[in-house]
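Here is an informal tour for someone meeting this structure for the first time. Have a look at the picture, then read on.

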Amino acid sequence: MRPGLALASSLALLAAPLSSQIVFETPAVVDAGQFPVKLLVGDINEDGFTDLITEHFVFGGPPTVTFGTGPGQFGSTQTFTTLTVNDRPSRLVDLNADGHLDLLAFMGQSRISSCSVLLGHGDGSFDAPVGINGAFEGPVDTGVGDFDGDGALDVAIYNGAFGFWPGSVLAVFGNGDGSFGEPVSITPSGFPFGATGVLRVGDTNGDGFDDVVLTISGGGMPTILSHGDGTFAEAPCTLGCGTTLDKDFELVDMNGDGRDDLVSCSRIQLANTAGTFAIVGFVMGTASAPRTVDVADLDGDGELDVIVGRNVTGSELDPGATVGDVIVYRGRGDGTTDLPGLVVSHVPQPRDVAIADIDLDGRPDAVLAELQTAPSTARVLYNRTYGPGSPFLDVGGALGGSNGFPIQLASGTLVTGQPFAFKLQSGPPSGAAWHIVGLSALNAPFKGGTLVPAINLMNGPFPLSASGSLTLGGNWPSGGSGLTLWVQYWMPNGGGPAGFVASSGVRAQIP
């Protein structure tokens with residue numbers, strides 16, 4: 001590998017170094033049962049640790065609960081005692097203001113064929129389900145907000161076609177004690193028979209009241225505006241009504257104007273004063289590949305970032321992508337993100353993503369439902385983004401292969417005599433790696449990827465473990481104060497586009 005890498009030193013320098021990136025560890029396996037398709041996260045037994053409620057594809061059995069047992073730790077998976085096969089958990093939220101998380105769930109055909117409330121006790125157990133969907137059947141999604149201004153949470157329900165029911169959208173008003181009144185139809189005009197899609201609640205026109213937005217199979221994305229008194233009106237399209245073909249979206253304020261914008265798997269569409277969304281938005285990727293999306297401040301800079309799970313081979317973002325990966329887009333605070341998105345991990349067939357601080361280190365982590373034939377379970381991506389004051393900065397540039405995207409995690413202070421480490425994860429199993437160190441950034445194209453450091457020092461080759469891991473570390477030597485180093489792992493025969501894979505580059509500032 002040495003001669004090939006040496007050739008790269010003659011390549012022309014590119015533009016300025018890549019901006020800071022968000023860093024996750026290689027996905028950790030959490031045994032949350034087989035064939036998961038949806039995850040709910042929250043501390044349902046109130047021991048201070050995040051728990052998982054998992055919905056499974058029919059082959060995976062009834063919903064399960066996996067209790068957190070410590071920072072970043074989970075116990076064994078248990079069957080959810082008050083749910084059975086074909087029941088589907090939808091939302092975890094405190095509906096009766098008693099401080100305990102309650103559950104909204106859809107009951108299977110053998111029981112109450114409606115949306116139901118299961119009140120939580122704060123010890124991990126729940127009451128039996130109580131239906132709130134009236135005579136309607138076939139719920140596909142829910143959202144929660146205060147639609148009548150009484151301080152109690154209400155529920156919006158998206159009903160698809162079921163039997164002779166054509167489908168509908170309902171508002172069900174809460175009494176504040178976990179009970180609810182009769183449902184009221186807020187079905188938009190032109191609602192097609194058998195419509196299905198996604199429903200979200202947010203303030204889209206900035207008037208302080210919770211509104212309802214839903215996608216409709218075959219096109220359309222109506223906004224149902226709440227007047228804050230229990231009445232609703234469909235938003236006019238005078239300022240433009242967009243649509244999305246994505247399978248998932250969230251409503252959050254991405255540009256700080258007080259209106260909740262629509263963030264889907266492929267684009268950001270800003271809300272206008274009418275509460276609708278422009279057809280043209282900030283495009284992040286294609287709508288055909290991504291599957292699930294969530295939004296959080298992942299790097300602690302005060303701006304919301306977008307995390308997307310996709311499950312097809314290749315896209316315009318990364319033609320060499322293997323089936324299933326996770327992409328992060330760093331938010332800029334103005335409704336746009338850094339491009340291209342950073343592929344942070346390999347997760348086969350991600351079906352759902354949820355955000356929570358699993359290891360209690362103050363950084364949001366990502367939990368994904370991984371649906372594949374075997375094994376099939378949940379994966380946790382622990383957030384290792386370098387915080388303020390760290391001597392390290394991840395600058396991207398990873399090149400993926402058959403074992404996903406190699407990840408370089410640096411640790412230490414770079415103070416003389418103090419411990420340090422450059423850890424590699426997801427390299428070629430039982431392969432070899434070179435650690436490239438430069439006194440400047442090269443950022444040159446090489447073997448289908450980006451050679452981040454100028455080649456001033458090549459360490460290796462080092463043998464990798466059966467999982468493709470390696471740690472280079474020790475106590476930091478004396479000298480070099482004020483120098484900036486650029487480091488990156490390169491590995492041959494890892495299934496990359498030209499027979500090589502690489503980790504992201506890290507900038508290391510010696511104090």
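Let's begin with a term: a residue is called buried when its relative accessible area is under 20%, exposed when that area is over 50%, and partly exposed in between. Cys 241 has a relative accessible area of 25%, so it counts as partly exposed.

Before going further, keep in mind that this is a predicted model. The average pLDDT of the chain is 87, and 91% of the residues reach at least 70. Two stretches call for some caution. Residues 1-19 have a pLDDT below 50, and in the model this stretch has 42 contacts beyond near neighbours in sequence. Residues 313-322 also stay under 50 in pLDDT, and here the model has 23 contacts beyond four places in sequence.

**The cysteines**

How many disulfides does a search of the whole structure find? The search turns up one. It links Cys 237 and Cys 241, with 2.0 Å between their sulfur atoms. The angle about the S-S bond is -100°, and the link is left-handed. Here is how four cysteines compare in accessibility:

| Cysteine | Relative accessible area | Class |
|---|---|---|
| Cys 237 | 48% | partly exposed |
| Cys 241 | 25% | partly exposed |
| Cys 115 | 0% | buried |
| Cys 265 | 1% | buried |

So both partners in the disulfide, Cys 237 and Cys 241, fall between the 20% and 50% cut-offs. Cys 115, at 0%, is buried, and Cys 265, at 1%, is buried too.

**Two open sheets**

Now for some strands. One open sheet has four strands in the order β6-β7-β8-β9, and the pairing is antiparallel. Which strands stand at its edges? They are β6 (88-93) and β9 (130-131); each has a single partner strand, so one side of each has no neighbour in the sheet. Strand β6 pairs with β7 (residues 102-106) through five bridges, in the antiparallel sense. To find a spot in that pairing, look for Pro 89, which stands opposite Ala 105 in β7.

A second open sheet of four strands runs in the order β18-β19-β20-β21, again with antiparallel pairing. Its edge strands, β18 (249-252) and β21 (282-283), each pair on one side only. Within this sheet, β19 (residues 261-264) and β20 (residues 267-269) run antiparallel and are joined by two bridges. Leu 262 is a handy marker here, as it stands opposite Gln 269 in β20.

While you have strands on screen, one general point may help: side chains in a regular strand alternate between the two faces of the sheet.

**Around β39**

Further along the chain, strand β39 (residues 505-509) pairs with β29 (residues 392-396) in the antiparallel sense, over four bridges. Phe 392 has Ala 508 in β39 as its bridge partner. Strand β37 (residues 484-492) also pairs with β39, antiparallel and over four bridges. Here Val 487 stands opposite Val 506 in β39.

**The cavities**

How many cavities of 30 Å³ or more does a search of the whole structure find? There are two. The largest cavity holds about 90 Å³ of space. Among the residues lining it are Ile 22, Val 23, Phe 24, Asp 394, Phe 405 and Ser 504. Strand β25 (residues 342-345) supplies the largest share of that lining, with three residues.

**Two residues to visit**

Phe 232 sits in strand β17 (residues 232-234). Is Phe 232 buried or exposed? Its relative accessible area is 18%, so with the cut-off at 20% it is buried. Leaving out residues up to four places away in sequence, Phe 232 touches several others, including Phe 147, Ala 171, Phe 173, Ile 186 and His 227. Asn 205 is 27 residues away from Phe 232 along the chain, and their C-alpha atoms are separated by 13 Å.

Asn 475 lies in strand β36 (residues 470-475). With 54% relative accessibility, Asn 475 counts as exposed. Which residues is Asn 475 in contact with, leaving aside its neighbours within four places in sequence? They are Gly 417, Gln 418, Pro 419 and Phe 420. Asn 475 and Gln 418 are 57 residues apart in sequence, with 5.0 Å from C-alpha to C-alpha.

Key:
Residues numbered from 1 in each chain as written. Predicted model: local features only at pLDDT ≥ 70, side-chain atom pairs only at ≥ 80, totals over all residues. Heavy atoms only, no water. Pairing = 2+ DSSP bridges. pLDDT = per-residue confidence, 0-100. Contact = heavy atoms within 4.5 Å. Disulfide = S-S within 2.5 Å. Buried < 20%, exposed > 50% of the residue type's maximum accessible area, 1.4 Å probe, protein only. 1 Å grid on protein atoms, 1.4 Å probe; cavity = no way out; pocket = protein on both sides within 12 Å on 5 of 7 lines; lining within 4 Å. Points joined across faces, edges and corners; volume = space filled by probe spheres on them.
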